[in-house]
Amino acid sequence: MKKIRRIALGLVLLAATLSGCAIGSGKTEMTKPTLGQELIELKNAKDNGAISEQEYEEMKEKLKKSYE
């Protein structure tokens, strides 16, 4: 069950990252999602049961630190 949660979270984070792609003039630009966007995706993963409350809190703190 935990493995499924981690896979689901990985897919959610991958989708969030890829949603920042923009194509223009034949070039692909990658934009980094904002902290707010990543926190929303993380909360959605928790609310949908993909991760536990403890995993959510741990990952939220790691995200916040990565933006400092």
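Student: How many aromatic pairs does a search of the whole structure find?

Tutor: Zero. The model is predicted, and a pair would need ring centres within 6.5 Å.

Student: What makes K32 and Y67 a case of a charge over a ring?

Tutor: The charged end of K32 is 4.5 Å from the centre of the Y67 ring. The cut-off is 6 Å, with a limit of 35 degrees from the ring normal. K32 is listed as sitting over that ring, so the pair counts.

Student: Which residue lies over the face of Y56, and at what distance from the ring centre?

Tutor: K46 does, at 4.9 Å. That value is also within the 6 Å cut-off.

Student: Why does E55 count as buried?

Tutor: The relative accessibility of E55 is 7%. Buried means under 20%, so E55 counts as buried. E55 belongs to helix 3, residues 53-66.

Student: What makes the contact between S52 and E55 a polar contact?

Tutor: The backbone nitrogen of S52 is 2.7 Å from a polar atom of the E55 side chain. The limit is 3.5 Å, so the distance qualifies.

Student: How do you know whether A45 is buried or exposed?

Tutor: Its relative accessible area is 2%. That is under 20%, so A45 is buried. A45 is placed in helix 2. Its C-alpha is 8.3 Å from that of Y56, although the two residues are 11 apart along the chain.

Student: Where do the buried residues of helix 2 lie around its axis?

Tutor: The buried residues there are E38, L42 and A45. They cover an arc of only 55° around the axis, so they are on the same side of helix 2.

Student: How does the reach of helix 2 compare with the expected span?

Tutor: Helix 2 takes in residues 35-47, 13 in number. From first C-alpha to last it reaches 18 Å, close to the 18 Å expected at 1.5 Å a residue. After helix 2 comes G49, which has a positive phi, near 85°.

Student: What puts the buried residues of helix 3 on one side, and which residues face away?

Tutor: E55, Y56, K60 and L63 are buried in helix 3. Their arc around the axis is only 130°, which puts them on the same side of helix 3. The face turned away from the buried side carries the exposed residues Q54, K62 and K65. Helix 3 has 14 residues and reaches 20 Å, close to the 20 Å expected.

Student: Which residues make up the largest nonpolar core, and what makes them a core?

Tutor: There are six: L42, A45, A50, I51, Y56 and L63. A core is a set of buried nonpolar residues joined through side-chain atoms within 4.5 Å, which is why these six count together. Helix 2 and helix 3 each supply at least two residues of this core.

Student: How many helices and strands does the chain have, and in what order do the elements run?

Tutor: The chain has three helices and two strands. From the N terminus on, the order is α-β-β-α-α.

Student: What share of the chain counts as buried?

Tutor: Of its 68 residues, 19%.

Terms used: Residues numbered from 1 in each chain as written. Predicted model: local features only at pLDDT ≥ 70, side-chain atom pairs only at ≥ 80, totals over all residues. Heavy atoms only, no water. Helix = DSSP H or I, 4+ residues; strand = E, 2+ residues; numbered from the N terminus. Expected span 1.5 Å × (residues − 1). Buried < 20%, exposed > 50% of the residue type's maximum accessible area, 1.4 Å probe, protein only. Arc of directions from axis to C-beta. Polar contact = N/O pair within 3.5 Å; in protein donor to acceptor, adjacent residues only side chain to side chain. Phe/Tyr/Trp six-rings, centres within 6.5 Å; stacked < 30°, edge-to-face > 60°.
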